[in-house]
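Let's take a friendly walk through this model, beginning with one residue and then stepping back to its surroundings. Have the sequence and the 3D view open as you read.

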Amino acid sequence: FIIQRTITWTHSNNNGRIVIMVGVSYNSDLELVQKLMLEAATEHPRTLSDPPPMCVMEAFAESSVNFGLYFYIPQVNEGRLQTKSEVLFSIWNK
């Protein structure tokens with residue numbers, strides 16, 4: 001039984017969010033990390049500009065500083081794994 005209101009976000013909107021978490025060394029240039037991660041998402045042809053990609057520092061972990069990259073793609077029903085993989089490769093190459 002559903003006792004609360006349920007919202008289906010893709011019912012009227014096929015956009016979907018992709019989340020990528022990356023941990024980097026404490027010796028890293030953190031501003032450069034953020035810049036390059038945003039570039040990787042922004043440069044991908046499926047990334048929507050509205051809302052724009054966002055990269056935030058998420059946590060100071062035991063052996064890394066963790067960042068989260070958040071961006072949206074259209075037609076999420078066509079899949080998001082390939083786009084996520086391509087952005088991850090782009091981050092790696094940068």
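## A buried serine

S64 counts as buried because its relative accessibility is 15%, and the cut-off for buried is under 20%. Keep in mind as you look around that this is a predicted model.

Where does S64 sit? You will find S64 in the loop between β2 and β3. Its side chain reaches the side chain of N66 in a polar contact of 2.7 Å. Setting aside neighbours within four places in sequence, S64 is also in contact with G23, V24, Y26 and A59.

## The sheet around it

Now let's step back to the strands. Three of them form an open sheet in the order β1-β3-β2, and the pairing is antiparallel. The edge strands are β1 (16–24) and β2 (54–60), each of which pairs on one side only. From one strand to the next, the twist averages 25°.

How many bridges join β2 to β3? There are six, and β3 covers residues 65–73, with the two strands running antiparallel. If you would like a pair to find on screen, try M57, whose bridge partner in β3 is F67.

## Two helices on the sheet

Helix α1, residues 30–43, packs on the sheet and touches β1, β2 and β3. The direction of α1 makes about 20° with that of β3.

Helix α2, residues 81–93, packs on the sheet as well, touching β1 and β3. Here the angle is about 30°, taken between the direction of α2 and that of β1.

How values were computed: Residues are numbered from 1 along each chain as its sequence is written. This is a predicted model: local features need pLDDT of at least 70, side-chain atom pairs count only at pLDDT 80 or more; totals for chains, interfaces and linings use all residues. Side-chain values use heavy atoms; hydrogens and water are left out. Two strands pair if DSSP finds at least two bridges between them. Helices (H or I, at least four residues) and strands (E, at least two) are DSSP runs, numbered from the N terminus. Axes are lines fitted to C-alpha atoms, for helices over the stretch in contact, and angles run from 0 to 180 degrees between N-to-C directions. Contact means heavy atoms within 4.5 Å. Buried means under 20% relative accessible area, exposed over 50%, partly exposed in between (1.4 Å probe, protein chains only). A polar contact is a pair of N or O atoms within 3.5 Å; within protein, one must be able to donate a hydrogen and the other to accept it, and residues adjacent in sequence count only if both atoms are side-chain atoms.
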